[in-house]
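Here are some short exercises for you to work through at your own pace. Try each task before you read its solution.

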Amino acid sequence: MWDSLWLDARIATMVEGLGPYGLIDDAALATREGHIAWLGPARDLPGSPERRAREVHRLSNHCITPGLIDCHTHLVHGGNRAREFEMRLQGASYQELARAGGGILSTVRATREADETELYRDAVARLRALMAEGVTTLEVKSGYGLDRENEMKQLRVARRLGSDFRVTVTTTFLGAHALPPEFADDADGYVDAVAALWLPALAAQGLVDAVDAFCEGIGFSAAQTRRVFEAARELDLPVKLHADQLSDLGGAGLVAEFGGWSADHVEYSSEASIAAMAAAGTVAVLLPGAFYALRETRMPPIDAFRERGVAMAVATDLNPGTAPLLSLRLALNFACTLFRLTPIEALRGVTVNAARALGLADRGRLAVGQRADFAVWPLEQPAELAYWIGGGGPARVFAAGQERTGLGPPMRQ
Ligand SMILES: [Zn+2]
């Protein structure tokens, strides 16, 4: 006996080999104990629906997709940079902004000053925006604490979001995000602290699912990034990287060398790095929100990713500085409009390929045995998810087979 059965749906399974979107018309989907127990054309259903399932729902031919996955966010942080945005648009120079206390270090200051309750409260508001659009899994990075206690505080808030809400949250330690004032002239000393002291301590507390760094001229060098990755390997932790966003330091190739889950941004990635990603199965995570907000012009090498068969994911990069983007659906549209992804590629980017970028094999496509994370959209065709600019959320969302009704209040405060 199944727990639930859904009928009269068009299901974008995202399973390869079933045609565009893995679409099945007039489909049925059954769940049992949080997983998909049956899926296929309704005409192939064995026996009468009412006899097979405790509950039967009819969906008036709405589209079902896998629950959406945002595989790159900086959701937990203190404050915001709206004032900086205003000043920039009034013509303030970079130096004036720095003098006014702007930039990433202003977010570090605000994150350090916020206590855990305040960080949690602000993060909940942003999480609700993503969940309202059908997000059932997201990644949250640290990287605005830049010392052991404050990185830990960010990661603990991320963990708490995952336990309080009906959403899966994976955590990424991004200690090597920027140089804090205490280490202003000692990047190597800072990397030592991140790699040798803080990472093992935070990992021992079960706060770290993956390790990330910002490999860039204004971030950390390839050699420094390598030291962080070697420390992650010692602890058996997977790696990913902010790579080749503003210049080519070989970051995508480096993370591929470590068998990393993903290289993110990748606007400047070289042919050699792309070949290394293809060989290692490293996903290219495209972040069109940052590209848009920074008014960048250098496109990621989409054609080369296609030719080499590098899987592409799409994420919000939700962060207060360069991508204050609270909408994964808008990221889908940006990916098509700005990067010329097809709507199929874009939807793969927030489902099956986003799951790969998080090392999750049990979600991102709808098939028997997969987690029953799915969204029911009041749309006729899946391409509409990328086509509408700011189209809003699904009619219903299910996480591990349970309907997510409303978005709160959280189960505990
Ligand atoms: Zn980022």
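**Exercise 1. A zinc ligand and its surroundings**

Does H242 count as buried or exposed? Then find its partners around the zinc ion and describe their arrangement.

*Solution.* Keep in mind that you are working with a predicted model.

Step 1. The relative accessibility of H242 is 4%. Buried means under 20%, so H242 counts as buried.

Step 2. Look for the protein donors of the zinc ion: they are H72 (NE2), H74 (NE2), H242 (NE2) and D317 (OD), at 2.1 to 2.3 Å from the ion.

Step 3. Check D317 as you did H242: with 2% relative accessibility, D317 counts as buried.

Step 4. Now read the donors along the chain, where their spacing is H-x1-H-x167-H-x74-D. H242 belongs to strand β9, while D317 sits in the loop between β12 (312–314) and α13 (328–339), so this pair ties together parts that are 75 residues apart in sequence.

Step 5. Finally, take the angles. The four donor atoms subtend 81 to 165 degrees around the zinc ion, which makes the arrangement irregular. For comparison, ideal angles at a metal are 109.5 degrees for four tetrahedral donors.

**Exercise 2. The two sides of a helix**

Test the length of helix α8 (residues 222–234), then work out which residues are buried and where they lie around the axis.

*Solution.* Step 1. Helix α8 has 13 residues, and at 1.5 Å a residue it should span 18 Å. Its end C-alpha atoms are 18 Å apart, which agrees.

Step 2. The buried residues of α8 are Q224, T225, V228, F229, A231 and A232. They cover an arc of only 155 degrees around the axis, which puts them on the same side of α8.

Step 3. Turn to the other side of α8, and you meet the exposed residues A223, R233 and E234.

Step 4. What lies over the buried residues? The cover includes β7 (168–176), α7, β8 (210–215), β9 (240–243) and α9 (251–257).

Step 5. Move just past α8 and you reach D236, with a positive phi of about 65 degrees.

**Exercise 3. Repeat it for a second helix**

Which residues of helix α10 (residues 271–280) are buried, and what do they pack against?

*Solution.* Step 1. S273, I274 and M277 are buried in α10. They cover an arc of only 100 degrees around the axis, which puts them on the same side of α10. A general rule helps here: an α-helix has 3.6 residues a turn, so residues three or four places apart point the same way.

Step 2. A272 and A279 are exposed on the other side of α10.

Step 3. The packing partners of the buried residues are α9, β10 (262–265), β11 (283–286) and α12 (302–308).

Step 4. Just after α10 comes G281, whose phi is positive, about 75 degrees.

**Exercise 4. Into the core**

Which residues touch the most other members of the largest nonpolar core?

*Solution.* Step 1. The largest nonpolar core holds 89 residues, and L75, V76, L138, L161, V208, F305 and L341 touch the most other members. Helix α7 (residues 187–204) gives the most to this core, with eight residues.

Step 2. Zoom in on F305. Leaving out residues up to four places away in sequence, F305 touches V266, I274, M277, A284, L286, P300, V310 and M312. You have already met I274 and M277 as buried residues of α10.

Conventions: Residues are numbered from 1 along each chain as its sequence is written. This is a predicted model: local features need pLDDT of at least 70, side-chain atom pairs count only at pLDDT 80 or more; totals for chains, interfaces and linings use all residues. Side-chain values use heavy atoms; hydrogens and water are left out. A nonpolar core is a set of buried Ala, Val, Leu, Ile, Met, Phe, Trp, Tyr and Cys residues joined through side-chain atoms within 4.5 Å. Buried means under 20% relative accessible area, exposed over 50%, partly exposed in between (1.4 Å probe, protein chains only). Helices (H or I, at least four residues) and strands (E, at least two) are DSSP runs, numbered from the N terminus. Contact means heavy atoms within 4.5 Å. The expected span of a helix is 1.5 Å times one less than its number of residues. The arc is that of the directions from the helix axis to the C-beta atoms. Donors are N, O and S atoms within 2.8 Å of the metal (3.2 Å for Na, K and Ca); water is not among the atoms, so sites may look incomplete. Four donors count as tetrahedral if all angles lie between 85 and 135 degrees; four count as square planar and six as octahedral if opposite donors are over 155 degrees apart and all others between 65 and 115; anything else is irregular.
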